[in-house]
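This report concerns side-chain contacts and surface patches. The sequence and the structure are shown first.

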Amino acid sequence: MQSVDGEVRKPSFLVYYDNEVVVLRLPDEEAGKLFKSLFPYGKKAIKPNFEESPALAMAFDILSMAIDRDNERYVKKCEKNRENIKKRWEGTGKQSNTSVYESNQLNTKYTDKDRDKDMEKDSIYSSESESLPSEPPLISLPLNDKSFHDVFCNDVDDWKELYPAVDIVQELRKMKGWLNSNPTKRKTRRGIKKFINSWLAREQDKRHDVIGEFTGGIRTQNTDQSSVDEKIVTKSKEEIEGEIYMIARTYISQEAFDRYPDKTHELIRLCCPLEDFTREHIDYMRSAWGIEPQPKIDRFIPPTEETYIFWDARLSD
């Protein structure tokens with residue numbers, strides 16, 4: 001599919017789960033306006049006028065950037081397919097392996113211009129079949145070439161069978177946070193699956209060690225309360241803070257921490273859901289920092305380059 005200006009564009013756009021928190025913070029009426037605005041933007045890059053609603057304008061900017069990113073991937077895929085088809089054509093001469101070319105070779109009116117049109121159609125159709133998934137990804141992990149590896153629900157289901165003691169989705173969030181914080185250590189497209197499985201295998205082993213060797217403060221219905229308290233190992237303040245920041249880095253990038261060095265506690269309170277912390281973490285934050293993380297429904301948009309304007313205003317209050 002092509003736009004009016006001749007630019008190749010996808011015949012569809014994706015809305016990612018990562019953007020759920022952005023949309024849910026909008027009133028239903030504004031969320032409807034946001035969703036409707038994506039169609040003209042996806043088709044012809046027509047931007048709506050949301051100047052009267054900064055929150056709606058920011059939400060559109062975030063979702064439209066995802067559309068731009070996907071469209072850029074699509075265009076590159078089309079170009080790559082077109083180059084491959086051209087190489088195959090030039091490499092085989094007139095004896096093409098493609099049936100449409102063989103049949104058209106018999107037609108003396110079949111020109112180079114007709115061949116180019118066929119190659120363009122082949123490129124677009126091939127790209128659509130390879131690049132359009134049947135469902136949006138659950139999460140996307142950044143790679144070393146600045147592209148992304150998409151993880152889908154069926155991938156998570158497979159890993160749940162292999163690593164039943166692990167919270168797969170939460171570990172994927174941790175991986176994304178680690179990769180965002182360590183761009184020089186990001187993996188290649190061929191190596192990312194090995195990275196994921198190695199990470200999940202280590203987490204599976206950790207949980208078996210904790211459960212098999214000692215309770216470590218984990219409470220079960222059949223455990224006496226007094227015996228559990230005796231087995232809890234007291235952690236130092238440094239260890240507790242280290243665990244808190246490790247969780248925080250799954251939601252907040254190192255660039256955001258560097259941008260707001262004196263507001264890190266407030267960032268953690270607003271961006272990290274209450275459910276991700278243990279009671280020990282929450283008690284420490286309450287006593288040492290005078291704050292407490294919020295339930296997931298009240299979580300704010302994680303700070304990124306696209307949302308720094310929002311956070312500059314938010315943290316200056």
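## Negative surface patch

E255 is located in helix α11, which spans residues 254–259. The model in which this residue is described is a predicted one. With a relative accessible area of 43%, E255 is partly exposed, because the partly exposed class lies between the limits of 20% and 50%.

E255 belongs to a negative patch on the surface. The other residues that form this patch are D258, E305 and E306.

## Nonpolar surface patch

A second kind of patch is nonpolar: V15, F35 and F39 together make a surface patch of about 270 Å². Among these residues, V15 is found in the segment before α1 (20–24). V15 has a relative accessible area of 36% and is therefore partly exposed.

## Aromatic pairs

How many aromatic pairs does the model contain? The count comes to ten aromatic pairs. One of them joins F195 and W199, whose ring centres are 5.8 Å apart and whose planes stand at 65 degrees to each other. This pair is edge-to-face, because the angle between the planes is over 60 degrees.

F195 and W199 both belong to helix α8 (residues 192–213), where they are four residues apart and so separated by about one helical turn. F195 is buried, at 11% relative accessibility, and W199 is likewise buried, its relative accessible area being 12%. Elsewhere, ring pairs connect Y245, F257, Y284 and W289 as a cluster.

## Salt bridges within helices α7 and α12

Side chains of opposite charge can pair when their charged atoms come close. The structure holds six salt bridges. One of these salt bridges is formed by the side chains of K174 and E171, with an N to O distance of 3.4 Å. In helix α7 (residues 168–181), K174 and E171 are three residues apart, and so about one helical turn separates them. Is E171 buried or exposed? E171 counts as buried, at 1% relative accessibility, whereas K174 counts as partly exposed, at 23%.

A further salt bridge links R269 with E266, and here the closest N and O atoms are 2.8 Å apart. Both residues lie in helix α12 (residues 264–271); they are three residues apart, which means a separation of about one helical turn. E266 has a relative accessibility of 25% and counts as partly exposed.

## Salt-bridge network at helix α13

In helix α13, the side chains of D283 and R279 meet in a salt bridge of 3.4 Å, N to O. This helix comprises residues 279–289, and D283 and R279 are four residues apart within it, so that about one helical turn separates them. At 34% relative accessibility, D283 is partly exposed.

Which residues are joined into one network by salt bridges that share partners? The network consists of R279, D283, R286 and E292. The D283 and R279 contact described above thus lies among residues of this network.

## Summary of the charged and aromatic contacts

Three salt bridges have been described as contacts within a helix: K174 with E171 in α7, R269 with E266 in α12, and D283 with R279 in α13. The aromatic pair of F195 and W199 is placed within helix α8. On the surface, E255 contributes to the negative patch, while V15 contributes to the nonpolar patch.

Note on methods. Residues numbered from 1 in each chain as written. Predicted model: local features only at pLDDT ≥ 70, side-chain atom pairs only at ≥ 80, totals over all residues. Heavy atoms only, no water. Patch = residues over 30% accessible without salt bridge, like charges linked within 9 Å, V, L, I, M, F, W, Y side chains within 5 Å. Areas by Shrake-Rupley, 256 points an atom, 1.4 Å probe, with all protein chains shown as cover. Salt bridge = Lys/Arg side-chain N within 4 Å of Asp/Glu carboxyl O. Lys, Arg positive; Asp, Glu negative; His and termini not counted. Charge placed at Lys NZ, Arg CZ, Asp CG, Glu CD. Helix = DSSP H or I, 4+ residues; strand = E, 2+ residues; numbered from the N terminus. Buried < 20%, exposed > 50% of the residue type's maximum accessible area, 1.4 Å probe, protein only. Phe/Tyr/Trp six-rings, centres within 6.5 Å; stacked < 30°, edge-to-face > 60°.
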